[in-house]
Amino acid sequence: YWDGSTWKKVPILLNSDIIAYYSSIVLDAHDKPSISFYEYRGPKDTDLKIRLRVVTLIDGLWKVKTVDSEEGSGKFNAMAIDSLGHVHISYANVGATTAGARYAYWNGETWETEIVEGLAENNGQMVGYSSSIVVDKDGNPHISYVNESNPLLKYAVRKNGRWQIQKVAAMA
């Protein structure tokens, strides 16, 4: 972090073998950070791998939580925070049988996860890549993401508990 004159490095101690590639950050109303990350491999000598996790600074300590433990989850993650301080995350699951665009929401006690668009809804195509998210004034998540199998930018918004998905543009 920048303290006003120099960059300070603070280690975030995690029991993970490999943290790789994708991360995102949000600040709550009190400037406390939460960082999402793609854990490629969990603790040594375990089978835990390829999952979405979040660390949050609480009372000066970093607390880690697993958001989605289904193997393949967490790539291309992006975070947003709503007016109530709840974190929202869009991301992809890239597993061969579980692939899809996904969404997670911190309700204040636990993470709730949903499939925005999975294999069944898109004829087996790989979606959820290059994800981005914002939350509107009413708390509705808006997600953009790419269909990697058939290069296409897509847009999804969740209203009244249902995802409405639109094709935005074909990509060259």
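How many bridges join β5 to strand β6? The count is six, with β5 and β6 (residues 87-93) running antiparallel, where strands, like helices, are DSSP runs numbered from the N terminus (E, at least two residues, for a strand; H or I, at least four residues, for a helix), and where two strands pair if DSSP finds at least two bridges between them.

Before I go on, a word on the model. This is a predicted model, in which local features need pLDDT of at least 70 and side-chain atom pairs count only at pLDDT 80 or more, while totals for chains, interfaces and linings use all residues. Residues are numbered from 1 along each chain as its sequence is written, and side-chain values use heavy atoms, with hydrogens and water left out.

Let me start with the sheets. As a general reminder, strands of a sheet pair through backbone hydrogen bonds, in either the parallel or the antiparallel sense. The strands β5-β6-β7-β8, in that order, form an open sheet of four strands with antiparallel pairing. Its edge strands are β5 and β8 (111-118), each of which pairs on one side only, and the twist averages 20° from one strand to the next, with axes taken as lines fitted to C-alpha atoms (for helices over the stretch in contact) and angles running from 0 to 180 degrees between N-to-C directions. Within this sheet, A78 has S90 of β6 as its bridge partner.

There is another open sheet of four strands, also antiparallel in its pairing, with the order β9-β10-β11-β12. Here β9 and β12 (162-170) stand at the edges with a single partner strand each, so one side of each is left without a neighbour in the sheet. The twist averages 20° from one strand to the next. Six bridges pair β9 with β10 in the antiparallel sense, and S132 has S144 as its bridge partner in β10.

Now to a residue of β9. S131 is placed in that strand, and S131 is buried, with a relative accessible area of 12% (buried is under 20%, exposed over 50%, partly exposed in between, using a 1.4 Å probe and protein chains only). Its side chain makes a polar contact with the side chain of S90 at 2.4 Å; a polar contact is a pair of N or O atoms within 3.5 Å, where within protein one must be able to donate a hydrogen and the other to accept it, and residues adjacent in sequence count only if both atoms are side-chain atoms. Setting aside residues up to four places away in sequence, S131 touches F76, A78, S90, Y91, I143, S144 and Y145, contact meaning heavy atoms within 4.5 Å.

I143 leads us to the interior. In soluble globular proteins, nonpolar side chains tend to be buried together. The largest nonpolar core has 13 residues, of which Y103, V116, I133, I143, Y145 and W163 touch the most other members; such a core is a set of buried Ala, Val, Leu, Ile, Met, Phe, Trp, Tyr and Cys residues joined through side-chain atoms within 4.5 Å. At least two residues of this core come from each of β5, β7 (100-106), β9 and β10. Apart from it lies another core, of eleven residues, among them I89, A104, W106 and W111.

Finally, the charged pairs. Taking a salt bridge as a side-chain nitrogen of Lys or Arg within 4 Å of a carboxyl oxygen of Asp or Glu, the count comes to eleven. E39 forms one with R51, the closest N and O atoms being 2.3 Å apart. E39 lies in strand β2 (residues 33-41) and R51 in strand β3 (residues 49-58), so the pair ties together parts that are twelve residues apart in sequence. E39 counts as buried at 0% relative accessibility, and R51 counts as buried at 7%.

Where do E71 and K49 lie? The two side chains meet in a salt bridge at 3.9 Å, N to O, with E71 in the loop between β4 (61-68) and β5 (73-81) and K49 in strand β3, so the pair ties together parts 22 residues apart in sequence. E71 is partly exposed at 42%, as is K49 at 40%.

K137, in the loop between β9 (127-135) and β10 (141-147), meets D138 in a salt bridge of 3.7 Å, N to O. K137 is exposed at 76% relative accessibility, and D138 is exposed at 59%.
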